[in-house]
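Please open the structure in your viewer and keep the sequence panel beside it, since each stop on this tour begins with something to select.

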Amino acid sequence: MAKPVQLKPVELNTPKGLVVFEGPVTDSYIDGLSMNEGLANFRPPDRQKEALKQITNLPDGMIFIARHDNEIIGYVTFHHPDDFSRWSKHPRVLEMGGIEVSPAWRGCGVAENLMKLAFSHPAVEDFIVITTEYCWHWDTRNTGLDIWAYQKMLTRLFGKVGLQKVTTDDPDILEHPANVLMARFGKSVGKEDIMLFEGMRFLRKYGKVVNMV
């Protein structure tokens, strides 16, 4: 898709200060900001910053951030599914690759408002947006939640922007019963693309009738 237009920033006053939500941001914009030291769930903050910059340069990559002054305190990423994923064969699937909020800023409405901004972008209506949630990525240590409570928290948060649980025989999802696939069908997604997605959910059973080439 063409590079999406940037949305008007949204501000939120929190007990810890003003938070600005904005995006999709460019790599140069991210480069001029610092990363909160708590953003270390996937990799160290400096390496995660470089990963975010790389995503902005992907053909369909989008990064939305939550910022306090000149520091990124949260982000959500969108990109084409990895090549090894079955979903990469679908022309209308966009993956919400990750969402993270610094532990120091949790409880301030950052995640919910970040998601709200991201899913208000018109580009998401052209896609089936999926998220593959794996329990080994969840920050149960800092939240004090067990994996089932964490899953419930995530599905409730994601449900607020229209993502819903869908079943699949994807081996990565089946690897642990807490893992979950969620999807949201954009308003501009056609019936044929929806049917193709439905067929791809269960390749072991229906794979012979789905054109995966």
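**A strand and its partners**

Begin by selecting β3 and β5, which pair in the parallel sense over two bridges. The model in front of you is a predicted one. If you zoom in on this pairing, you will find that S34 has E71 in β5 as its bridge partner. Keep E71 selected and bring in H68, whose bridge partner in β5 is also E71.

Next, add β4 to the selection, because here the direction of pairing is worth checking by eye. In which sense do β4 and β5 pair? They run in the antiparallel sense, and seven bridges join them. Follow the chain from β4 into β5 and you trace a hairpin with two residues between the strands.

Now select β6 as well: β5 and β6 pair in the antiparallel sense over six bridges. As a landmark in this part, look for F78, which stands opposite M96 in β6. With these neighbours on display, colour β5 by accessibility, and you should see that the strand is mostly covered, eight of its nine residues being buried.

**Two places where the backbone is unusual**

Return to the loop between β4 and β5 and select D69. Most residues other than glycine have a negative phi, and most peptide bonds are trans. D69, however, has a positive phi of about 55° although it is not a glycine. Is D69 buried or exposed? It counts as exposed because its relative accessibility is 54%, and the cut-off for that word is over 50%.

For the second place, move to the loop between β2 (17-22) and α1, where P24 is found. Select G23 together with P24, and look at the peptide bond that links them, which is cis, with omega near -5°.

**Helix α2**

Select residues 45-56, which make up α2. This helix has twelve residues and reaches 17 Å from its first C-alpha to its last, close to the 16 Å expected at 1.5 Å a residue. Several residues of α2 are buried, among them Q48, L52 and I55. To see what covers the buried residues of α2, display its surroundings, which include α1 (27-31), β3 (34-35), β4 (62-68) and β5.

**The largest pocket**

Turn on a surface or pocket display if your viewer has one. Rolling a probe the size of a water molecule over the atoms shows where empty space is left. About 1300 Å³ of space lies in the largest pocket. Of the 49 residues that line this pocket, the closest to its centre are F42, G97, G98, I99 and E133, so select these five to find the middle. Which element gives the most to the lining? It is β6, with six residues, while α2, β5 and α6 are among the elements that each supply at least two. Colouring the lining by class should show 23 nonpolar, 13 polar and 13 charged residues.

**A last stop at I173**

Finish in helix α6 by selecting I173. This residue counts as buried because its relative accessibility is 7%, where the cut-off is under 20%. Leaving aside its neighbours within four places in sequence, I173 is in contact with T132, Y134, T168, N179, V180 and L181. To get a sense of scale, select K16 too: I173 and K16 are 157 residues apart in sequence and 37 Å apart in space, C-alpha to C-alpha.

Technical notes: Residues numbered from 1 in each chain as written. Predicted model: local features only at pLDDT ≥ 70, side-chain atom pairs only at ≥ 80, totals over all residues. Heavy atoms only, no water. 1 Å grid on protein atoms, 1.4 Å probe; cavity = no way out; pocket = protein on both sides within 12 Å on 5 of 7 lines; lining within 4 Å. Points joined across faces, edges and corners; volume = space filled by probe spheres on them. Helix = DSSP H or I, 4+ residues; strand = E, 2+ residues; numbered from the N terminus. Nonpolar A, V, L, I, M, F, W, Y, C, P; charged D, E, K, R; others polar. Expected span 1.5 Å × (residues − 1). Buried < 20%, exposed > 50% of the residue type's maximum accessible area, 1.4 Å probe, protein only. Contact = heavy atoms within 4.5 Å. Pairing = 2+ DSSP bridges.
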